[in-house]
Amino acid sequence: PPRSTLFPYTTLFRSDCPLNERVDTLCSVTNNCNILPVNFQFRRIAHFRAHPASGKINPGKSENIIFSFQPNQIGK
């Protein structure tokens with residue numbers, strides 16, 4: 001079955017991002033399967049975005065994803 005890996009596998013966002021500012025984190029998603037492609041889709045969640053938000057990764061290939069956190073209200 002297809003398997004994928006997200007690198008870096010750490011906390012993507014810091015909690016000290018100022019209101020209405022943006023923190024971007026570059027990650028790489030790798031398709032560890034040598035036969036089948038992997039489809040991915042990141043759902044939209046308040047204050048969070050992924051670019052690209054969806055796509056297909058061919059066998060043995062990687063895709064760079066930019067995860068963005070942009071808070072527009074105070075809170076945790």
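Reader: Hi! Let me start with one side chain: is Arg-22 buried or exposed, and what is its relative accessible area?
Author: Happy to begin there. Buried means under 20% relative accessible area, exposed over 50%, and partly exposed in between, with a 1.4 Å probe and protein chains only. On that scale Arg-22 counts as exposed, because its relative accessible area is 53%.

Reader: Thanks. What kind of model is this?
Author: Residues are numbered from 1 along each chain as its sequence is written, and side-chain values use heavy atoms, leaving out hydrogens and water. Local features need pLDDT of at least 70, side-chain atom pairs count only at pLDDT 80 or more, totals for chains, interfaces and linings use all residues, and the model itself is predicted.

Reader: Back to Arg-22: which residue forms a salt bridge with it?
Author: A salt bridge here is a side-chain nitrogen of Lys or Arg within 4 Å of a carboxyl oxygen of Asp or Glu, and a search of the whole structure finds one. Its closest N and O atoms are 3.1 Å apart. The partner counts as partly exposed because its relative accessibility is 39%. That partner of Arg-22 is Asp-24.

Reader: What is the strand order of the open sheet?
Author: Strands are DSSP runs of E, at least two residues long, numbered from the N terminus; two of them pair if DSSP finds at least two bridges between them. The open sheet has four strands with antiparallel pairing. Its edge strands, β1 and β4, each pair on one side only, and the twist, taken between lines fitted to C-alpha atoms with angles from 0 to 180 degrees between N-to-C directions, averages 25° from one strand to the next. Read across the sheet, the order is β1-β2-β6-β4.

Reader: How many bridges join β2 and β6?
Author: Let me go across the sheet pair by pair. β1 and β2 run antiparallel over four bridges, and β4 is likewise joined to β6 by four, again antiparallel. For β2 and β6, also antiparallel, the number of bridges is eight.

Reader: Which residue in β6 is the bridge partner of Cys-27?
Author: One partnership with β6 starts from Arg-49, which is matched with Ser-68. For Cys-27, the bridge partner in β6 is Ile-65.

Reader: How many residues make up the largest nonpolar core?
Author: A nonpolar core is a set of buried Ala, Val, Leu, Ile, Met, Phe, Trp, Tyr and Cys residues joined through side-chain atoms within 4.5 Å. The largest one consists of Cys-27, Val-29, Phe-40, Ala-50, Ile-57, Ile-65 and Phe-67. Strands β2 (23–31) and β6 (62–69) each supply at least two residues of this core. The full count is seven.

Reader: How many disulfides does the structure hold?
Author: A disulfide is a pair of cysteine sulfur atoms within 2.5 Å. Cys-27 is buried because its relative accessible area is 1%, and Cys-33 is buried because its value is 12%. The number of disulfides is zero.

Reader: Which residue stands opposite Ser-28?
Author: Ser-28 lies in strand β2 and is buried because its relative accessible area is 17%. Counting contact as heavy atoms within 4.5 Å, and setting aside residues up to four places away in sequence, Ser-28 touches Thr-5, Leu-6, Phe-7, Ser-62, Glu-63 and Asn-64. The residue standing opposite Ser-28 is Phe-7.

Reader: How far apart are the C-alpha atoms of Phe-42 and Ala-53?
Author: Phe-42 sits in the loop between β3 and β4, and is partly exposed because its relative accessible area is 28%. Leaving aside neighbours within four places in sequence, Phe-42 is in contact with Ala-50, Pro-52, Ala-53, Ile-65 and Phe-67. Although Phe-42 and Ala-53 are 11 residues apart along the chain, their C-alpha atoms are separated by 5.2 Å.

Reader: Now the backbone: which residue does a cis peptide bond join to His-51?
Author: The omega of this bond is about -5°. The partner is found in the loop between β4 (48–51) and β5 (54–57). The residue joined to His-51 is Pro-52.

Reader: And what is the phi of His-47?
Author: Asn-20, in the loop between β1 (4–7) and β2, has a positive phi of about 65° although it is not a glycine. His-47 lies in the loop between β3 (38–41) and β4 and is partly exposed because its relative accessible area is 22%. His-47 is not a glycine either, yet its phi is positive, at about 80°.
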